[in-house]
Amino acid sequence: MVLAATCIAVLSVMALALARALQADTVYDRILGINMFGTKTAVLIALMGFLSERPDFLDIAIVYALINFIGMIAVLRFFEYTATSGR
Amino acid sequence: MAELINLLLLGMLAVTALGVVFLKDLFAVVMLFGIYSFLSALIFVNLDAVDVAFTEAAVGAGISTVLMLGTLSLTGRQEKMSGHKTLLPLLVVVTTGAALIYGTLDMPPFGNPENPVHQHVALRYIQDSPQEIGLPNMVTSVLASYRGFDTLGETAVVFAAAIGVLSLLGLPKQDRAAIESGLESHLVLKVVAKIIIPLIILFALYVQFHGDYGPGGGFQAGVIAAAAIILYALVFGLPLATQVVQPGLLKALAALGVLLYAGTGVASFFLGGNFLDYNVLAADPVAGQHLGIILIELGVGITVFAAMLSIFYAFASKAERKNIQ
Amino acid sequence: MILETISNILLIVGAFFALTGAYGLFKFPDFFTRVHAASVTDSIATILLFLGLILRTDFDLVAVKLVFVLVFVLLTSPTASHALAKSARHGGVATLAESNNKDNTDG
Amino acid sequence: MSVIVDYYNYWVVVFLMMAGFYTVIAANNLVKKIVGLNIFQTSVFILYISMGKVSGGSAPIVAEGITTYSNPLPHVLILTAIVVGVATTAVGLALVVRIKRAYGTVEENEFKDKDDLI
């Protein structure tokens, strides 16, 4: 019961982060929303594993915990490029 | 509960898709595409397809966003407003969509165990594969053994795509005079990257060799290992990365993986079985199956790693060259 | 039984922190306070949620994997936030105090 | 009511497919077209995985105490399709980069006119 409620809470956090990514004041806000979305994805996968009583699928959560970082770094690198060449 | 989560995730997916269609800032579009990939991976987990979710997680977070950002840095960030008429495309899309929705009404209901799809070969895979192949993960059994020939074709396609990208963009030339690049000022980032890169490579090896028992396998492991090197290139600069994993070596590795796969098939051929029939590889059929699956998964892993990394090198070297001039 | 109660409490508090973090993403006035809201509450929520889940296992391989996920998230997520804030600073995003000052001198 | 429960998954898939399709035919920018193509592709993935789901089933990895498993065949097809999909997307993006170099633009209506000059 508590697990299910936590799932719904995490899902609503994801919905808020998505809304932030869709309507952002600055580009950095958008990236912030996406970073939050990524962390919560790892959490939700773990929660869903417990909910379906097969918690041995945590490997996917590990992938997100490790790899989510790369997308963020790529975005920052992209900004470094456009900042030096664009202006 | 699973249905409710499914519904919420699908709803968010639809909103994200709308965002992608209507936003003009291409950078935001690529970012939203990242979210789209997260959401589809979650939906795959929820629909029991853990192996698929694993692949989508590795590919979506590690490779495709990076490639799209690389392209954007070469082609520009803003979509120009077009004088295109949007009415005709909208009409076409609405008509097609209505026809498709009418078509879905004839489909068997979602999730019903009596559906025709579940009555044919799937029964055999579910009931017999743990005994015939000896692996708990049915997806790996089907992927590597029952449909091994298919997977050989897919591996060849990945290999061919890498060749296509390389012939379009060219491999980076190895500059001994390493250009100062990388996120030089981000000290914390560099330290954490040094800690995390070995962990990612270790995890890739775990995924490669544990894929027979849990979710994972060659495709995922190859992508994750490539992602580790991509992180290295992003933080410390492409010239350093090409010195660690040389582009020429990658070309050889990509071919080696496909050869290892096809070679396993030919070996079983010469030992008296059919092409890719692993039963003959060892005295005991189940042991033979296991040996064959380990070999071909290794081939897949090597090819995917080399192909993905050389594709990244090709894009990144173009992006760096453009920005340095 | 006691473990389950503790786990329930941890999960609820964790979910609460996650929600407040997401709320702060909208409510705080400038980018750097929003980074604070998002990343700090994100970390504490992740810690609490994963601790709650660990208490629900039989302390076997699953618990070890949960610890791994937690450690990795705690390594990467704050680093990403830090790098993002640093890039924003270099990219010329003004803090609240700076933009207030600017308004005062302008007006 | 049961119609909605039985089919909502497929309807969302059709919606996503059409969103991708619309982007492909209506967008002028080639990068955006490729993103649209990817959305279309993912909708096909979700369609396949939805068809493989069995209510009350579990992931097709043998575990104690589980009797119903979802259909593993669509999983195999889509797993390989995702990796092949990203490889072909890379080819598409490489073509876009070359088009940018040859024509100086990636907007479809702009390089269409330039084609006649060559």
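1. Helices, as the word is used in this note, are DSSP runs of H or I with at least four residues, numbered from the N terminus. In this predicted model, Phe69(A) is found in one such run, helix 3 (residues 58-86) of chain A.

2. Phe69(A) counts as buried, because its relative accessible area is 2% and the cut-off for buried is under 20%. Apart from neighbours within four places in sequence, Phe69(A) is in contact with residues from two other chains: Leu189(B), Val192(B), Ile196(B) and Leu231(B), together with Thr76(C), Thr79(C) and Ala80(C). As for distance within chain A, Phe69(A) and Asp25(A) are 44 residues apart along the chain, and 23 Å separates their C-alpha atoms.

3. How many aromatic pairs does a search of the whole structure find? Over all chains, the number is 17. One of them is formed by Phe37(A) and Phe38(B), whose ring centres are 5.9 Å apart, with 25° between the planes. This pair is classed as stacked, because planes under 30 degrees apart count as stacked.

4. The pair of Phe37(A) and Phe38(B) joins two chains, because Phe37(A) lies in helix 2 (residues 27-51) of chain A and Phe38(B) in helix 2 (residues 26-46) of chain B. Both rings belong to buried residues: the relative accessible area is 0% for Phe37(A) and 5% for Phe38(B).

5. Tyr7(D) and Tyr10(D) make another aromatic pair, this time tilted, at 6.3 Å centre to centre and with 40° between the planes. Why are these two residues separated by about one helical turn? They are three residues apart in helix 1 (residues 2-26) of chain D. Tyr7(D) is buried at 9% relative accessibility, and Tyr10(D) is buried too, at 2%.

6. Tyr7(D) and Tyr10(D) also belong to an aromatic cluster, whose other members are Phe110(B), Tyr8(D) and Trp11(D). The cluster therefore takes in residues of chain B and chain D. Of the five pairs of chains in contact, chains B and D are the pair that shares the most contacts.

7. Chain C and chain D are a separate case: no contact joins them, and their closest C-alpha atoms are 14 Å apart. Chain C does meet chain A through a charge and a ring, with Arg20(A) lying over the face of Phe26(C) at 5.4 Å from the ring centre.

8. Chain B has 12 helices and zero strands. Its C-alpha trace spans about 60 × 55 × 35 Å along the principal axes. Of its 325 residues, 57% count as buried. Counting contacts in chain B between residues at least 6 apart in sequence, 72% join residues at least 24 apart.

9. Which atoms does the surface of chain B belong to? The accessible surface comes to about 12,500 Å², and carbon and sulfur atoms account for 69% of this area. Chain B also carries a nonpolar surface patch of about 570 Å², made by Phe149(B), Val266(B), Phe269(B), Phe270(B) and Phe275(B). Helix 11 (residues 247-270) of chain B gives the most to this patch, with three residues. Phe269(B) is placed in helix 11.

Technical notes. Residues are numbered from 1 along each chain as its sequence is written. Chains are lettered from A and ligands numbered from 1 in the order in which they are written. This is a predicted model: local features need pLDDT of at least 70, side-chain atom pairs count only at pLDDT 80 or more; totals for chains, interfaces and linings use all residues. Side-chain values use heavy atoms; hydrogens and water are left out. Rings of Phe, Tyr and Trp (its six-membered ring) pair if their centres lie within 6.5 Å; planes under 30 degrees apart count as stacked, over 60 as edge-to-face and the rest as tilted. Buried means under 20% relative accessible area, exposed over 50%, partly exposed in between (1.4 Å probe, protein chains only). A charge sits over a ring if NZ of Lys or CZ of Arg is within 6 Å of the ring centre and within 35 degrees of the ring normal. Patches are made of residues with over 30% relative accessible area and no salt bridge: like charges are joined within 9 Å, nonpolar side chains (Val, Leu, Ile, Met, Phe, Trp, Tyr) within 5 Å. Accessible areas come from the Shrake-Rupley method with a 1.4 Å probe; for residues, only the protein chains shown count as cover. A salt bridge is a side-chain nitrogen of Lys or Arg within 4 Å of a carboxyl oxygen of Asp or Glu. Contact means heavy atoms within 4.5 Å.
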